[in-house]
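Me: I should like to learn how individual features of a protein model are read. May we go through them one at a time?

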Amino acid sequence: MSRILFLSAWFPYPPINGAKIRIYNLIKHLSSKHEITLVSFANTIGIEEARAQIPFLEQYCRSVDVVPAKHFNPTGVKTWGGFLSPMPRSVVQTFSPEMERLVARKAQVGTFDLVIASEVGVPAVVSLLASRVVGVPKILDAIELGLLQNTVSSRDPLTSRIHYAMTWFKMQRFARAVIRRSSLVTVPSVEEKRNLSMVVPEYPSIEVVPHSLDMADYKGVFGSPQPDTLVFTG
């Protein structure tokens, strides 16, 4: 049995959106053969609400810690300092000293065989903190660059294209730095593997792990079918 330090950008309970579903099921299935220590941001819910949900995760985790997430405001005053940083402004503004201290303490107190950092998005704070853990193999899970790559088109104003070019340049530098300190990166699709390979062409360890559902969680009676209707849950 391996001991895994699992860092999550999304508090995975309740599993009610795509990112949470992925992370929840990863933890659930890994826990059958490994010991999980979870450290997570409370991303879409308040910190007290997240703490109230901890017992639902303790059936799979040896311990669960959660800290408040800082949300990126591209027009906020604090983002201006990010222009002078080599890291993306989003990482500078959302960086959490509380999470940094917690991860450092966990890494010192326990001996882990593996660190997994799940972003389900572009590389950000949990990827950065995972890359700083020394002496342990690291996996960055569900890295996605496609949305950022497609943010701006040639029809947008010149100022938007310049701003995007700066953002994309910084993100590529940041992604290369954290990925090169990792043992493996997973992406949810072949397209995302292609995107990442363009950013870090020499990096050999990129594996496709698609988003998926555990269909056993969806058995039951959910109401009578209504003809000529469609429920879109995405």
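Me: Is D228 buried or exposed?

Reply: Buried means under 20% relative accessible area, exposed over 50%, and partly exposed in between, with a 1.4 Å probe and protein chains only. D228 has a relative accessible area of 85% and is therefore exposed. D228 also has a positive phi of about 60 degrees, although it is not a glycine. Its place is in the segment after β7 (206–208); helices (H or I, at least four residues) and strands (E, at least two) are DSSP runs numbered from the N terminus. The model is predicted: local features need pLDDT of at least 70 and side-chain atom pairs pLDDT 80 or more, while totals for chains, interfaces and linings use all residues. Residues are numbered from 1 along each chain as its sequence is written, and side-chain values use heavy atoms, without hydrogens and water.

Me: What is the phi of V120, and where is V120 found?

Reply: The phi of V120 is near 50 degrees, a positive value in a residue other than glycine. V120 is found in strand β4 (residues 114–121) and is buried, at a relative accessible area of 15%.

Me: Which residues have the most contacts inside the largest nonpolar core?

Reply: A nonpolar core is a set of buried Ala, Val, Leu, Ile, Met, Phe, Trp, Tyr and Cys residues joined through side-chain atoms within 4.5 Å. The largest one here has 67 residues, and those with the most contacts inside it are L7, F11, I27, L140, I179, V185 and L196. Helix α8 (residues 158–180) supplies the largest share of this core, 7 residues. Contact means heavy atoms within 4.5 Å; not counting residues up to four places away in sequence, I179 touches L140, V185, L196, V200 and Y203.

Me: How many salt bridges does the structure hold, and which parts does the pair of K106 and D65 tie together?

Reply: Side chains of opposite charge can pair when their charged atoms come close. A salt bridge is a side-chain nitrogen of Lys or Arg within 4 Å of a carboxyl oxygen of Asp or Glu. The structure holds 8 of them. K106 and D65 meet in one, at 2.8 Å from N to O. K106 lies in helix α5 (residues 97–109) and D65 in strand β3 (residues 63–68), so this pair ties together parts that are 41 residues apart in sequence. E100 forms another with R132, the closest N and O atoms being 3.2 Å apart. E100 lies in helix α5 and R132 in helix α6 (residues 125–132), so that pair ties together parts 32 residues apart in sequence.
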